[in-house]
Amino acid sequence: MPETPVQVLLVEDNPNDVELTLQAFRRNNVTEGIHVARDGAEALDFLFCTGAHAGRDPASGPRLILLDLKLPKVDGLEVLRRVKADPQTRAIPLVVLTSSSQERDVAESYRSGANSYLVKPIDFNRLRDAVRSIVAYWLALNEPPLRRAA
């Protein structure tokens, strides 16, 4: 049985932020294809099909990564660096979605290959609007890279 394609990998450790972000996706009619990783190590296992995700087919996605920076086990900047350093994952659009507005985090994220950097809005309506923009651009308008046949 083929795997359900993953459209979005949400990497977030705060349960409240996970629920709010998933609710914002639902309000924007994205109800399937979202996988949540709750720390950096889990995100890397998912992306590189190792550990608990060793049997996952890498061709099943994700098409987009939403990444918090302040994560347990492996921090978000390290996840970003590993994703962008690997030829199999570097073309996946990666949007940093974090509460940090510190200039050094923004600069280091872009230096490490982030495609976009958004500070999480505190207000749910603004989060919903941000998710609407993310969905509209990265999942609807943006042309994804061609996947090489294995």
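The following exercises, with worked solutions, concern the sheet and the helix packing of a predicted model.

Residues are numbered from 1 along each chain as its sequence is written, and side-chain values use heavy atoms, with hydrogens and water left out. In this predicted model, local features need pLDDT of at least 70 and side-chain atom pairs count only at pLDDT 80 or more, while totals for chains, interfaces and linings use all residues.

**Exercise 1. Determine the strand order of the sheet and state which strands stand at its edges.**

Step 1. Helices (H or I, at least four residues) and strands (E, at least two) are DSSP runs, numbered from the N terminus. Two strands pair if DSSP finds at least two bridges between them.

Step 2. Strand 1 pairs with strand 2 (residues 34-37) in the parallel sense over 4 bridges, and Val8 is opposite Ile34 there. Strand 1 also runs parallel to strand 3 (residues 64-67), joined by 4 bridges; in strand 3, Leu64 is the bridge partner of Val8, and Leu67 stands opposite Val11.

Step 3. Strand 3 and strand 4 are paired in the parallel sense through 3 bridges, with Ile65 partnered by Leu94 of strand 4. Strand 4 (residues 94-98) is in turn parallel to strand 5, over 4 bridges, where Leu97 has Leu118 as its bridge partner.

Step 4. The result is an open sheet of 5 strands in the order 2-1-3-4-5, with parallel pairing. Strand 2 and strand 5 (116-119) are at the edges, each with a single partner strand, so one side of each lacks a neighbour in the sheet. From one strand to the next, the twist averages 20°.

**Exercise 2. Describe how the residues of strand 1 and strand 3 are placed on the two faces, buried or exposed.**

Step 1. Buried means under 20% relative accessible area, exposed over 50%, and partly exposed in between (1.4 Å probe, protein chains only).

Step 2. In a regular strand the side chains alternate between the two faces of the sheet.

Step 3. From strand 1 (residues 8-11), Val8 and Leu10 point one way and Leu9 and Val11 the other, and all are buried. Strand 3 is likewise covered on both faces: Leu64 and Leu66 on one side, and Ile65 and Leu67 on the other, are all buried.

**Exercise 3. Identify which helices link strand 1 to strand 2 and strand 3 to strand 4, and give the handedness of each unit.**

Step 1. A crossover is right-handed if, with the strands pointing away from the viewer, the path from the first strand over the helix to the second runs clockwise.

Step 2. Strand 1, helix 1 (residues 15-27) and strand 2 form a right-handed β-α-β unit. A right-handed β-α-β unit is also made by strand 3, helix 3 and strand 4.

**Exercise 4. Classify the packing of helix 3 against helix 4 and of helix 1 against helix 5.**

Step 1. Axes are lines fitted to C-alpha atoms, for helices over the stretch in contact (heavy atoms within 4.5 Å), and angles run from 0 to 180 degrees between N-to-C directions. Angles under 35 degrees count as roughly parallel, over 145 as roughly antiparallel, 65 to 115 as roughly perpendicular and the rest as oblique.

Step 2. Helix 3 (residues 76-85) and helix 4 (residues 103-111) pack at about 15°, with axes 10 Å apart; they are therefore roughly parallel. Leu77, Leu80 and Arg81 of helix 3 meet Asp105, Glu108 and Ser109 of helix 4.

Step 3. The axes of helix 1 and helix 5 (residues 124-141) come within 9 Å and cross at roughly 60°; these helices are therefore oblique to each other. Among the residues making this contact are Leu20 and Phe25 of helix 1 and Leu127 and Val131 of helix 5.
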